[in-house]
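Below is a set of questions and answers on how terms are applied to one structural model. Each answer sets a value against its definition.

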Amino acid sequence: MKKFAHILTTCIQLSIATLAIIAASFCTSSGSHIVGGEITYQWVSGNDYKLRLTYYSDCSGIPNPTSALIEVNSQSCAQSFSISLPIAAGPDDISPICAASLSNSSCNGGTLYAVRRVIYEGVVSLSGPCNDWVFSYNECCRNAAITNITSAGGLGSYFEATLNNLDVPFNNSVEFAGIPVHMIQNNTTSSLSWNTFDVDGDSIHYEMVAPRDYIGLNPVNIAFNAGLSATQPFIASSPTLLNSQTGLLTISPNALQITVMSMKISEFRNGINIGNVYRDYQFAVINTSNALPKLSGINGNNIYMTNTCPGDTLQFNVLSTDADPFQILEISLGNNGTSASFTTTPAQFPVGTFTWIPSTADISSQPYIFTLNVRDDNCDYYGTQTFAYQIYVNGCNTNDVWPGDANSDGVANLYDLLSVGIGFNTSGTPRVGASTNWIAQPSVNWPNSFLSGINYKHADTDGNGIIEWSDTTAIFQNYGLNHPLRTAPPAVAGLADLTITASADTIGTSMLLDFNIEITSFVDSIYGLAFRMYLDPSLVDISTLQTNYTGSFFGTSGTDMVKLDYNTGNGLLDVAISRIDHTNISGGGPVGKVTIVTTDNVSGKMMLNVAPFDIVGVTATGDEINFNSFGDAVVIDQNFTGINEHNLTPEFSVYPIPASDMIFVEHYGQNKLLTVEIEDVNGRDVMTINNPVNKQQISVQSLNKGVYFIKATNAFGTSIKKLMIF
Ligand SMILES: [Ca+2]
Ligand SMILES: [Ca+2]
Ligand SMILES: [Ca+2]
Ligand SMILES: [Ca+2]
């Protein structure tokens, strides 16, 4: 009967009717157009809590109630009563409508879809500690325009928060900073957050659940339309994603729709669930040509996570962009319950600077989530996105293992492979609770240490108790990530030469070229080698880089040599190789080979310079060997192929690209093809056709998705083209 009684209350306020039956029919047909809501609470003292209902409604619906009745229940303590909360703020139009169009907001009598927010607040005195307090609010009716549930206008809203003040002396619920985004773009992927934070520092977990109706006082999950669900409430081109740790939602709608969804946000202290808050909210998917504004990761990169130590000043910049050339952006930091600050430069696309000096009280195994909102000034509706930055505050115990930082120098990169090589096959105590996640992991010291004084346990990157092949995985996974720790560099024990030589002096566009890497001096003792090379992406097709260690002076990869190469995708190639048998080798010779394909858009003549740099060699005991670097230069000449070679070497086309089941290699040169080969990106031959016909049909159904190369060879040489299988 509760539902009925409440409809009556709402409608009497409107003075529409005094008869319950008429009131009920009015409310069902017109409704209060609830867009969403949530209940949060703040601890006042003892068992007193300030309750807040934040209530969102569509401006074209009936006015919001002048007070809100919150039900308070605890089954275990046999408590059930209600409290009426007066309005504390609002109603406010919170729609992302630009100033010039505000007069056309439906909150101002216009036609633009708009949402208003009202906040109700009041203090409740609980009878004592109970582990199952429920604060709830219910009201008919939802917005009839909702499209992902059937007959939404006849369904009620039920909002709830829970508190366990039996297992902890007090709790403040999570809170939501800023204004929720309620309009998103069709056919665009939007990244959004509700900017949740907890002033107590409790750990927060996010989950998508069904929005609820109610029968009596009891919540009832609302069923979604066919094909949709609580975790997939949108009609979308790819699944809606919720990061359960950061609360970041990624939505790719591909239909106009009005979608209601609900998120459960749970708090845990010492592993105990001490409270839950539910935000029930509605998104309108609209058509707009406005491009969404974006924010970079930390200091302009695409990494959104970092680590710091208490007492250190953590500062980083975030860059904003928007594909719309004349819009002006704003960046703001969501409220977050810490002392972190954020400033921005005044510019069309501002740069924001985040600063935080955490204290020892901030040390936590959980990351702090800071959300930055970026907004453009598009009209009628602003475009908004949220980006989450995770910051770990560590105890900064130098004894902790950071998985992948095998040499414990504060970063996971190529040099860590050298420590894996030096410690190869050594066993020690496995790490308790080990993972390859980039967090500080306490670990018992092993008997051995490297020359630098760093314990061998750091090279057991996956924590399974032995340094072996699998320990390259965490280096790769956490490549380039930093943690706050500095150690002195190891001693230097020798000097040698590393030389890169190109296989040609001059080549044309879209052509294959080898860079041979060799130790060109006699080395007394060496065990491992790491270096970087830069291949200018305007001249080299970075996606085609192939490394090959066949015939390496260091041994055979996977047998007596461990290797790691990392293509950063922006021209840098990091290479590291090491023996695994704890025995130095001496002499010199080939290290490996990097094969590239020049880009097809070089105009005129360009010089490609390639030299190794940041070279580190080590002995089996970890002494460092310094290297001189010798590079090479190649002229890339757009017209290089020349008349003679143009006629002699194979000329062919490959289609379709991309392909999934069949390709044609069509030859139109003068000299008969001898072979057509397909190679994968690792240089492995996956298919060879001898004596192909001029229009050779090749089935590629058996090939995995990815990039391949088609090599056509005649008596005068080989030509190569890229192939994409999808
Ligand atoms: Ca809390
Ligand atoms: Ca824009
Ligand atoms: Ca390292
Ligand atoms: Ca291991």
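The questions start with the chain as a whole and then turn to single strands, cores and residues.

Q: What kind of model is this, and how are its residues numbered?
A: This is a predicted model, in which local features need pLDDT of at least 70, side-chain atom pairs count only at pLDDT 80 or more, and totals for chains, interfaces and linings use all residues. Residues are numbered from 1 along each chain as its sequence is written, while chains are lettered from A and ligands numbered from 1 in the order in which they are written.

Q: What makes up the secondary structure of the chain?
A: The chain has 5 helices and 45 strands. Helices (H or I, at least four residues) and strands (E, at least two) are DSSP runs, numbered from the N terminus.

Q: What is the extent of the chain along its principal axes, and which domains does the assignment give?
A: The C-alpha atoms fill a box of roughly 95 × 65 × 50 Å. The domain assignment gives domain 1 (23–286), domain 2 (294–393), domain 3 (492–637) and domain 4 (649–725); such bounds come from an automatic or database domain assignment. Taken over C-alpha atoms, the centres of domain 2 and domain 4 are separated by 48 Å.

Q: Why is Asn299 called exposed?
A: A residue is buried if 20 or more other C-beta atoms, placed from the backbone, lie within 10 Å of its own, exposed if 12 or fewer, and partly exposed in between. Asn299 has 12 other C-beta atoms within 10 Å, so Asn299 counts as exposed. By the same definition, 40% of the 726 residues of the chain count as buried.

Q: What makes the phi of Asn299 worth listing?
A: Most residues other than glycine have a negative phi. The phi of Asn299 is near 55°, a positive value in a residue other than glycine. Asn299 lies in the loop between β19 (294–295) and β20 (305–308).

Q: Why is Asn691 called exposed, and where does Asn691 lie?
A: Asn691 has 10 other C-beta atoms within 10 Å and therefore counts as exposed. Its place is in the loop between β42 (685–690) and β43 (695–699). Asn691 also has a positive phi of about 50° although it is not a glycine.

Q: Which omega goes with the cis peptide bond from Cys140 to Cys141?
A: Omega is near 10° for this bond, and Cys141 lies in the loop between β6 (133–140) and β7 (156–163). The peptide bond from Cys379 to Asp380 is cis as well, with omega near 5°. Asp380 is in the loop between β25 (368–375) and β26 (384–393). Most peptide bonds are trans.

Q: How do you know that β6 is mostly covered?
A: In β6, 8 of its 8 residues are buried. Trp133, Phe135, Tyr137 and Glu139 point one way, and Val134, Ser136, Asn138 and Cys140 the other way. In a regular strand the side chains alternate between the two faces of the sheet.

Q: What makes β6 and β7 a pair?
A: Two strands pair if DSSP finds at least two bridges between them. β6 and β7 have 8 bridges in the antiparallel sense, with Tyr158 in β7 as the bridge partner of Asn138. Strand β3 (residues 67–74) is joined to β6 by 3 bridges and runs antiparallel to β6.

Q: Why is the largest nonpolar core said to lie between two domains?
A: A nonpolar core is a set of buried Ala, Val, Leu, Ile, Met, Phe, Trp, Tyr and Cys residues joined through C-beta atoms within 7 Å. The largest one has 85 residues, and those with the most contacts inside it include Ile39, Phe135 and Leu372. Domain 1 (23–286) and domain 2 (294–393) both give residues to this core, so the core lies between them. Another core, of 56 residues, lies apart from it and has Ile454 and Met533 among its members.

Q: What makes β42 and β45 edge strands?
A: An open sheet of 4 strands has the order β42-β41-β44-β45, with antiparallel pairing. In this sheet β42 and β45 (717–725) each pair on one side only. Further in, 6 bridges join β41 (residues 675–680) to β44 (residues 706–714).

Q: How do you know that β43 is hardly covered?
A: The count of buried residues among the 5 residues of β43 is 0. β43 is joined to β40 (residues 662–667) by 5 bridges, and the two run antiparallel.
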